Structure formats: structure tokens, C-alpha cells
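Open your viewer and keep the selection tool at hand. This tour tells you what to pick next and what is there.

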There are 2 protein chains.
Amino acid sequence: MKSHTLLMPLDMHLHLRDGVMLETVAPLTSYSFSGAVVMPNLVPPITTKEAVMDYKKRIYAALGRVEEADDLLMADDFFEPYMTLFYQNYDRSFLEEVVDEIAAIKLYPAGITTNSEGGVSTFDLETMRATLEAMGDLKIPLCVHGETDGFVMDREAEFMSIYEMLASNFPKLKIIMEHITTQAAVEMLDKYPNLYATVTLHHLLMTLDDVAGGMLQPHLFCKPIAKRPEDREALLHVVLNAHPKVMFGSDSAPHPQHAKESCGCAAGVFTAPIALQVLCELFDAYGKLDNLQQFISDNAQSIYGICPEFKEVVLVESPFEVPEHYGNVVPMYAGETLAWSISDVE
Amino acid sequence: MKSHTLLMPLDMHLHLRDGVMLETVAPLTSYSFSGAVVMPNLVPPITTKEAVMDYKKRIYAALGRVEEADDLLMADDFFEPYMTLFYQNYDRSFLEEVVDEIAAIKLYPAGITTNSEGGVSTFDLETMRATLEAMGDLKIPLCVHGETDGFVMDREAEFMSIYEMLASNFPKLKIIMEHITTQAAVEMLDKYPNLYATVTLHHLLMTLDDVAGGMLQPHLFCKPIAKRPEDREALLHVVLNAHPKVMFGSDSAPHPQHAKESCGCAAGVFTAPIALQVLCELFDAYGKLDNLQQFISDNAQSIYGICPEFKEVVLVESPFEVPEHYGNVVPMYAGETLAWSISDVE
């Protein structure tokens with residue numbers, strides 16, 4: 001039976017939510033990943049050191065680590081939640097105080113996606129300069145949801161000029177273009193040394209055809225929306241060939257089933273429990289399995305400068321039946337059978 | 001109070017379905033329209049004279065016209081269902097026999113939309129020639145769902161070459177480009193004398209942004225899918241300026257609520273009961289109310305050569321609260337208040 005071993009898999013863009021949902025989804029990622037960059041778009045968003053520490057405690061608690069929850073300094077052997085702040089214009093002194101507790105700061109344009117109402121309304125360089133320079137000095141990466149409020153198929157491409165402005169004005173700042181979906185964003189990677197990207201599983205697999213080409217598929221509806229076939233090809237090209245500036249970030253975004261299957265469906269695809277299996281199948285189908293390690297961990301370690309504890313995940317080409325639900329969340333490929341499964345985690 | 005009178009409104013593209021759904025929706029159109037071109041994509045599709053006559057009987061029955069249902073030759077004072085056949089390659093002798101019972105033949109590419117599995121798989125001129133020439137001779141218009149099986153945003157534009165092939169090879173045949181959604185289709189109108197078009201209400205009002213730009217809106221999901229802002233502008237331009245080759249065809253397509261709000265939502269927007277009210281508001285907003293009569297009836301009468309019985313519909317600028325449901329169907333603008341309402345029908 002074909003098998004493949006991944007070392008220290010990392011999910012560099014993850015939504016763990018809070019409360020009951022956090023308890024449902026956190027163990028599904030911690031089981032197979034060494035760590036994940038946890039998004040700060042809670043209600044209210046994470047904007048203080050205290051909120052970061054409290055959220056980390058709740059994540060530990062959701063993982064059943066009660067002792068750890070009381071002692072954040074204790075090493076976590078198996079899963080590290082890399083915490084983030086919700087971007088606002090922060091003082092340098094605050095950033096110095098919080099730098100050891102966070103892996104990145106996540107910038108949302110105001111109102112562009114779930115719980116982003118408190119985001120940035122205008123990209124005014126002078127207003128943002130002090131914060132972004134301090135982040136560059138302190139080596140705090142800026143993660144960006146890069147979409148304008150334009151026509152849905154153009155939003156990411158239209159945002160490229162803002163990436164160019166940020167990248168050229170703040171050369172010391174590492175800027176991560178999150179969940180890129182277009183050829184336009186792929187082309188930016190080789191244009192600015194300080195631009196990086198995460199790519200989701202679902203944007204590697206689908207185009208708008210899969211969401212709205214046949215029947216409408218609410219469980220595949222996400223932001224940014226899946227784009228054109230040539231965009232997907234561009235993503236596949238850099239991912240399968242292990243472009244060193246490209247990392248896996250699932251953007252796994254759970255919503256309760258009723259919020260997906262209703263009149264006015266929320267954006268987000270839930271992929272956490274099936275991501276590694278499907279990535280193995282995808283890379284294997286293209287004969288590129290040896291490149292998966294870079295995409296799933298090595299590139300992220302270099303870009304973020306992180307050293308996760310040792311973890312080995314063995315995948316085998318053996319069927320995995322995806323559950324219809326995890327709690328009240330419907331995963332991608334619900335009820336279908338995947339070609340690869342996780343056989344061992346050490 | 002502002003008022004506007006429409007004479008003999010016609011809906012040149014309507015889905016009445018069958019059974020209980022037919023009973024729910026038929027009276028909603030017959031109330032305010034003089035007639036409607038009724039789509040033949042039932043299961044099985046309408047392909048025989050007997051099926052045409054039987055369906056017409058069922059439509060009359062759904063309108064409570066029991067006597068008429070027993071005597072199809074009796075004139076219908078208030079609402080005329082203009083019947084259609086589902087396109088197949090038909091013999092001339094069959095077409096001669098059925099010509100007086102139908103207003104048009106509707107061509108679906110195989111599998112392109114609801115109940116279109118028996119449609120045309122390849123557009124082979126020589127195979128289709130006898131049928132299309134006979135239709136031209138007998139003055140039976142060909143209505144076409146013009147989409148390829150390509151990427152969802154390109155399907156209509158890609159179909160233009162097939163329209164060009166049909167229009168240039170069969171100059172005597174009137175070809176109706178149904179429910180056009182793109183600038184590309186609008187441009188075809190002035191290129192071939194025998195190409196015409198219907199435009200829906202919903203494609204005048206929305207772009208893909210309204211379907212999938214914010215939350216996903218299953219009740220606005222339809223085929224062809226709503227396109228880009230510049231496409232909508234092109235449609236508005238010809239419709240508001242009463243282009244003589246453009247007719248109103250609602251493509252009002254009811255589905256039960258559960259088939260819309262589920263995992264795998266059916267395509268179709270249900271607009272029959274609100275179309276005239278919203279068209280008045282739209283034309284009035286652009287100062288073009290005087291052009292609505294051509295779009296809603298006069299152009300269709302010329303193109304199809306039909307003379308509906310007299311009917312006068314008076315609309316007033318007075319609020320209309322759209323019901324949440326008609327039977328188990330959710331209409332466009334469910335629960336919202338429209339600016340115009342129907343005050344009188346004679």
C-alpha cells in the first residue's frame with residue numbers, strides 16, 4: 001500500500017471560532033497538524049494582549065489540556081496555536097509588549113468577509129506607517145485578506161495595487177497574501193521579495209463552476225470566491241512545484257449547517273479534517289508527492305521563522321469515508337470516500 | 001398618485017411546470033398578463049401534438065376553466081398560453097400538422113439546465129437542416145437556450161458562434177436568443193436581421209455580486225447565471241430604449257422552497273407575480289416609462305405575429321408587500337415592499 005509521511009504539518013490560516021464550535025473543530029486540526037495560525041476575527045475581534053492570552057487558553061481547554069490552560073508558558077508537545085491580532089493601528093510600545101505572544105497580525109478590509117466590520121476602511125499609508133514600520137522592525141508578519149469591495153470576480157485582482165503599495169513602502173515587512181485565488185496574485189510573488197502567499201485546499205480543487213456551474217453548492221461558497229480555470233491552473237503550478245514563498249493555509253471556516261443551507265448562506269468551506277488526505281491525493285495525482293512537505297510545512301517554517309515540535313503524520317492510500325457532519329458542521333466531501341487516509345500520528 | 005397603464009402584457013418565456021405547481025403559479029401570471037410563451041421542459045418534454053394539447057388543457061384547468069379545458073377551440077378572453085415544443089429533429093409533415101397549436105419550438109443544449117437532458121448534443125447543421133428549414137417556411141420561431149458547457153461565466157459568450165451559424169444558414173428562420181445576459185449577445189442583435197432576444201426581469205436587476213458577492217443567495221441563482229456589471233448595463237440599454245428586437249420573457253422558474261434552500265440548489269428565480277410592478281419601478285427610475293409598452297408587449301406582437309385579446313393593466317405608485325411564499329414557492333423580493341402595485345385589470 002502506498003504511504004507518505006509528512007513532518008510537522010502546519011496550517012497557516014485557520015478559523016477555530018469560539019465556544020461550542022471551537023470545541024468541535026480544534027481537535028480536528030490538532031490531531032494531524034503541528035500548529036496553525038489562528039485567525040482573530042471573533043466577535044469582538046482580538047485586539048489586546050489579554051484577548052490573545054484568553055483565546056489561547058480557550059483553545060487549550062478545547063483540546064482538553066486543562067493544566068496547560070492554566071500555564072501558558074508550558075510547552076505544548078503536539079499542537080501549537082499561533083495566535084494573531086486583528087489589524088488596527090497599534091503603538092510600537094504595544095507591539096513590543098505583545099510580540100512574543102503572536103505569530104502575525106491579520107488585516108481585513110472593513111466588511112469584506114465574516115466578522116471583519118472593524119477592519120481597515122481606507123489604505124492610507126501615512127495613517128498606517130507607524131504600525132507597519134514597527135511590525136517590520138519587530139519581524140511581525142502582516143497577513144492580508146486582499147479583496148476590494150468591487151465586482152466579486154475582480155476583487156482580488158483589484159487589490160494587487162494595494163499589495164504593491166504596501167510591499168514597496170515597507171520592504172522590511174513580510175506580507176502574506178492570504179488564500180490567493182488568481183493568476184494576478186501568483187504573478188506578484190516574483191515581483192516583490194517581501195510578498196508571500198497562502199493557498200487553501202479548496203481553491204486548488206475548484207473554480208466558480210463547482211460553486212454555481214451546475215446546482216448551487218452552498219458548502220463550497222467561500223471568500224474569496226473560487227475563480228476561473230486559468231486562475232486555478234496558476235495556483236496549482238506554484239503549489240505543486242513547491243514555490244518557496246507559498247504555504248498551505250486551509251482557511252477552514254466552519255459554520256453551523258443551518259447557516260450554510262439557507263436563504264443567505266455564510267461564506268466558508270470546512271476542510272480541516274480532510275485537508276492532508278486530499279492534498280496527498282492531489283500531489284500524488286500530479287506525481288509531485290515529494291513536493292508536499294515544502295508546501296505543508298517547510299516553507300512556512302522558513303517564512304515565519306518557527307520551529308514546531310516534532311510530529312510525524314503517516315498517510316496511506318487507503319479509503320477514508322468522510323463523515324456527513326462533525327458536530328453541526330458539514331465538511332467538504334461530506335459522505336464521500338477519499339483515496340487517502342491518516343494511518344498514524346506520532 | 002402616479003399611474004401607468006399597460007396594454008396586453010406578454011411574458012415571452014415562462015415556466016408553468018405541472019401538477020400542484022402549475023395550479024399554484026398559473027393564476028399568478030394569468031391575472032396580469034394577456035399571454036405567455038410556455039416552456040416545454042416537463043418530464044418527459046413536450047414533443048408530440050397530443051402532449052401540447054394535453055398540457056394546454058391542464059393549464060386551462062389550473063386556471064379554473066373547466067369548460068375551456070374540454071374545448072380547446074373556444075377563445076380565451078383573458079389569458080393565452082402560447083404553447084411550445086421541445087426541439088428535436090422533426091419531420092416537415094409533423095410540423096405542418098402541429099403548426100397551428102404552437103407559437104415556437106424551444107431548443108435546449110443537452111443537460112444545460114432544468115430538465116434539458118433530451119436536448120441537442122451537437123449542433124450539426126446537416127442533421128438539423130430539414131427541421132430548421134421547415135420551421136423557417138412555416139414561420140415557427142426557434143427559441144434557444146444559448147449556453148455551452150464551458151466555464152459558467154463564459155457559456156453564453158461562447159455560444160455566439162452557434163447563433164451566428166444558425167442565423168446565417170437559416171435566414172428565413174426567426175431565432176430568439178432566450179434570457180440573454182451578456183454584452184456579447186446584445187451586440188448580436190444588430191448583426192443578423194433574424195436574431196431576436198428575450199430579457200428577464202432579474203437579469204436587468206442583478207449581477208453575480210447579488211448572487212454570490214455577499215452572502216450566497218439561492219433564490220437569485222439561475223441559469224444563465226447573472227453576469228458582470230457591464231453586461232447588465234448593456235441589457236438595460238437596449239431594454240430601456242425599447243430596442244424593437246427585444247421582448248420581455250420572465251423565465252420565471254418556480255421550485256419548491258426546499259429545492260432552493262438546500263445542499264445543491266436548483267436554478268431559477270420566481271418573478272411572475274412581481275414582474276410588472278418591478279418593471280414599472282425600473283423604467284420609471286430611468287425616466288423611460290413610455291418605453292415599457294414596447295418591451296412588455298408591442299415588440300413581441302410584431303416578432304411573433306400574435307394579436308392578444310384586449311387587456312388593460314393599471315399600475316400605480318403605491319406600496320405592494322410581496323408575500324413570503326406563494327404556495328411553497330419563494331418569490332423574488334419575498335417579504336419586501338415594492339414601490340408599484342397593480343390597481344386594476346380589465
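Start with chain B of this predicted model. Select strands β5, β6, β7, β8, β9 and β10: they form an open sheet of 6 strands, in just that order. The pairing is parallel.

Which strands stand at the edges of the sheet? Colour β5 (84-86) and β10 (246-248) of chain B to find out: these are the edge strands. Each has a single partner strand, so one side of each is left without a neighbour in the sheet. Now look at how the strands turn. Ignoring direction, neighbouring strands of this sheet are turned by 30 degrees against each other on average.

Zoom in on one pair. Select residues 142-144 of chain B, which are strand β7, and residues 175-177, which are strand β8. They run parallel, and 3 bridges join them. Show Cys143(B). What stands opposite Cys143(B) in β8(B)? The residue there is Ile176(B).

Next, add residues 292-304 of chain B. This is helix α13, and it lies across β9 (195-199) and β10 of chain B. The helix runs at about 120 degrees to β10(B).

Now turn to chain A and show the whole chain. Count its elements: chain A has 13 helices and 14 strands. Its radius of gyration is 19 Å, close to the 20 Å from the globule rule for 346 residues, so chain A is as compact as a globular protein of that length. Along the principal axes, the C-alpha atoms of chain A fill a box of roughly 55 × 50 × 40 Å. Of the 346 residues in chain A, 49% are buried. Take the contacts in chain A between residues at least 6 apart in sequence: 70% of them join residues at least 24 apart.

Show both chains together. How many residues of chain B are in contact with chain A? There are 23, and they touch 23 residues of chain A. On the chain B side, helix α9 (residues 208-212) gives the largest share, 3 residues. By class, that side has 14 nonpolar, 6 polar and 3 charged residues.

Last stop: the symmetry. Rotate chain B by 180 degrees, with 0.0 Å of shift along the axis, and it superposes on chain A with an RMSD of 0.0 Å. The two copies are therefore related as by a two-fold rotation axis. Select Glu261(B): in chain B, its C-alpha is the nearest to the axis, 2.8 Å from it. Both copies use the same surface, as 100% of the contact residues of chain B recur in chain A.

Definitions and conventions: Residues numbered from 1 in each chain as written. Chains lettered and ligands numbered in written order. Predicted model: local features only at pLDDT ≥ 70, side-chain atom pairs only at ≥ 80, totals over all residues. Contact = placed C-beta atoms within 7 Å. Helix = DSSP H or I, 4+ residues; strand = E, 2+ residues; numbered from the N terminus. Nonpolar A, V, L, I, M, F, W, Y, C, P; charged D, E, K, R; others polar. Least-squares fit on C-alpha atoms with pLDDT ≥ 70 in both. Pairing = 2+ DSSP bridges. Axes fitted to C-alpha atoms, helices over the stretch in contact; angles between N-to-C directions. Rg over C-alpha atoms; globule rule 2.2 N^0.38 Å. Buried ≥ 20, exposed ≤ 12 C-beta atoms within 10 Å, placed from the backbone.
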